[in-house]
Amino acid sequence: MRVITLDCAADIGRAAGEAFVQTVLRKPNAVLGLATGATPLPTYAYMADACKTGKVSFKDVSTFNLDEYCDLPKTHKNSYYSFMFENLFSKIDVDPDNVHFLNGNAPDDRAESARYAAEIEAAGGIDIQFLGIGRNGHIAFNEPSDRFTNDAFKVQLTDSTIEANSIYFDDVPMPHYAMTMGIGSIMRARKIILVATGKSKAEAVRAMVCGEIDPHCPASILKAHPDCTVYLDPDAASLL
Ligand code: GLP
């Protein structure tokens, strides 16, 4: 795990965004694993700008998002599907047929997990996976637990996650369940970029970087990945 502390969120957006741009320049049909949350926004702004100025084209990439809420229509403004179109897909030349999401409303979550795993495999596997981190060390929606997961699954969200994310829900209550890629799906990506900013992430970052590999801090598994880069701002790095 390479840990790099930069001055501010904009610098992190440039560094992480450039990693995605370089991947696509080297491999125009790259498979991108994408994340939601506030922390990825400067990275998505950088990627959109790189596309607008003609530095890179995303027209042949495929994308797979990490997770999606259950019991929320896909078109609701708080779905991760809506988030991705609003913040990235509407601003780059990606083919909407090549973007993939877990279906949080699938009637059979095991079949949905198998479908997603098969689609990732058919696309050739994820070339570069983007991650944020939750205050409790979660990645995607892999909450702290007694074991590391493998493929996608349906998860009951923890109080910490519900408290952190419910600020975005003003018209409907925040869902308590989500479909998420598992730790195995994330670890199979060829390259991983994790971004974290702000004091509220400092303890999770400390546990991830300095602690043992432990499913009670799911992000700690990233230390076992051969090509994982973590970009932090000084606040997120403050307990290292
Ligand atoms: C959600 C997402 C995660 C994300 C986390 C942190 O729980 N499922 O993928 O990393 O939020 O989000 P933020 O960047 O807004 O702090």
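Visitor: Why are strand β3 and β5 said to pair?

Guide: Strand β3, residues 62-65, and β5 share 2 bridges in the parallel sense. Two strands pair if DSSP finds at least two bridges between them, so the term applies here. Strands are DSSP runs of E of at least two residues, and helices are runs of H or I of at least four, each numbered from the N terminus. Within this pair, Phe 64 stands opposite His 100 in β5.

Visitor: On what kind of model do these statements rest?

Guide: The model is predicted: local features need pLDDT of at least 70 and side-chain atom pairs count only at pLDDT 80 or more, while totals for chains, interfaces and linings use all residues. Residues are numbered from 1 along each chain as its sequence is written, and side-chain values use heavy atoms, with hydrogens and water left out.

Visitor: What makes β1 and β5 edge strands?

Guide: The open sheet has 7 strands in the order β1-β10-β9-β6-β2-β3-β5, with parallel pairing. β1 (2-5) and β5 (99-100) each pair on one side only. Helix α1, residues 9-26, packs on this sheet and touches β2 (31-34), β6 (128-131), β9 (191-196) and β10 (228-232); touching, or contact, means heavy atoms within 4.5 Å.

Visitor: Why is Ala 207 classed as it is, buried or exposed?

Guide: Ala 207 has a relative accessible area of 19%. Buried means under 20%, exposed over 50% and partly exposed in between (1.4 Å probe, protein chains only), so Ala 207 is buried. Ala 207 lies in helix α7, residues 202-210. Not counting residues up to four places away in sequence, Ala 207 touches Cys 217, Ser 220 and Lys 223.

Visitor: How many disulfides does a search of the whole structure find?

Guide: The search finds 0. A disulfide is a pair of cysteine sulfur atoms within 2.5 Å. For Cys 228, the nearest cysteine sulfur, that of Cys 217, is 12 Å away, so Cys 228 is in no disulfide. Cys 228 is buried, with a relative accessible area of 3%, whereas Cys 8 is partly exposed at 31%.

Visitor: What makes the approach of Asp 67 to the ligand a polar contact?

Guide: A polar side-chain atom of Asp 67 lies 2.8 Å from a nitrogen atom of the ligand. A polar contact is a pair of N or O atoms within 3.5 Å; within protein, one must be able to donate a hydrogen and the other to accept it, and residues adjacent in sequence count only if both atoms are side-chain atoms. The Asp 67 distance therefore qualifies. For Ala 38, a backbone N or O atom lies 2.7 Å from a ligand oxygen atom.

Terms used. Axes fitted to C-alpha atoms, helices over the stretch in contact; angles between N-to-C directions.
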